[in-house]
Structure formats: C-alpha cells, structure tokens
Amino acid sequence: MAEPQGRVRVDAWTWAVRLFPTRSAAGAACRAGHVRVNGERAKPATQVVPGDEVQVRGGPRERLVVVQRLLVKRVSAEVAQASYLDRSPVPPPRDQVALAAHRDRGAGRPTKRDRRAIERLRGH
C-alpha cells in the first residue's frame, strides 16, 4: 500500500482511520466546527502532516489523536489504529453518567411538572 507524501486533507484522513463512518460525515463535522487540528478549527481541506494533533468532538466521546501515518484510502481497523496515537480522555464511569428519564409507553407527552422533574434529575 503506497502512502501519500507530504500532506493529506483532514476530512479524508479522519475517514480513512475510521473516526467517521463516511467521508461526507467527516466533511460535515469539519464544517460544523467539530474537528480541530493543533487547536485550530479545521475546514475539510485543512492539510495534516505526521505529528499534528487532531481533536474530534461529537458522538459518544471526544477523541484526541496524533497523526502517525498519512492515509487517504480507508483501511482495516488494525492498520487504522496503527496510523495514530490515541490521547483521548478516559470516558467517565457509567454510574456517573446522567440517567435518561424513563416514561411508560403510552403515557403521552410529559407535563410541565414532569419536565421540571426530569431537568432536576439531569442536574439542569
């Protein structure tokens, strides 16, 4: 597999190393400001080189990776993980994550009182 020389677009690289399921999702995340390269907001065409730090927000957790190898084609999970150094923060334990409010099926929309109780439960 031939590696590109020099630089690669950040949307193509994040898709190739499997941080996003599709290339269009990677581009949309860049346009929405969810991707940063070396602390700066990245457009889809922003170029990355080995040693750059890429931060991806969104999804179940925040990812912070350092580019080790340049890729433009999607590769297997093993090769993808070898292409970056993962410095992502450890996710909080499941017992510390706020629980979703549970309503019985068919109970209808929450009343104003129910909504306030749900917000108190979530800590808002």
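**From the whole chain to D52 and L121**

Of the 124 residues of the protein chain in this predicted model, 29% count as buried. The secondary structure comes to four helices and seven strands, and from the N terminus on these elements follow the order β-α-α-β-β-β-β-β-α-β-α. The radius of gyration is 19 Å, well over the 14 Å that the globule rule gives for 124 residues, so the chain is more spread out than a compact globule. Along its principal axes, the C-alpha trace spans about 60 × 25 × 25 Å. Among contacts between residues at least 6 apart in sequence, 46% join residues at least 24 apart.

One segment carries an annotation: an unreviewed UniProt entry places the feature "domain: RNA-binding S4" at residues 8-72. Over residues 8-72 the chain is 25% helix and 28% strand, and the C-alpha atoms at the two ends are 7 Å apart.

D52 sits in the loop between β4 (47-48) and β5 (53-56). This residue is buried yet has no salt bridge, the nearest side chain of opposite charge being that of R7, 5.9 Å away. A polar atom of the D52 side chain does, however, lie 3.0 Å from the backbone nitrogen of V49. When neighbours within four places in sequence are left aside, D52 is in contact with V37, N38, Q47, V65, V66 and V67.

L121 offers another view of the chain, with its place in helix α4, which covers residues 112-122. Because its relative accessibility is 56%, L121 counts as exposed. Measuring from C-alpha to C-alpha, L121 and P92 are 18 Å apart in space, while 29 residues separate them in sequence.

Definitions and conventions
Residues are numbered from 1 along each chain as its sequence is written. This is a predicted model: local features need pLDDT of at least 70, side-chain atom pairs count only at pLDDT 80 or more; totals for chains, interfaces and linings use all residues. Side-chain values use heavy atoms; hydrogens and water are left out. Buried means under 20% relative accessible area, exposed over 50%, partly exposed in between (1.4 Å probe, protein chains only). Lys and Arg count as positive and Asp and Glu as negative; His and the chain ends are not counted. A salt bridge is a side-chain nitrogen of Lys or Arg within 4 Å of a carboxyl oxygen of Asp or Glu. A polar contact is a pair of N or O atoms within 3.5 Å; within protein, one must be able to donate a hydrogen and the other to accept it, and residues adjacent in sequence count only if both atoms are side-chain atoms. Contact means heavy atoms within 4.5 Å. UniProt positions are given in the numbering used here, feature names are shortened, and annotations may be inferred rather than shown by experiment. The radius of gyration is taken over C-alpha atoms; the globule rule is 2.2 Å times the number of residues to the power 0.38.
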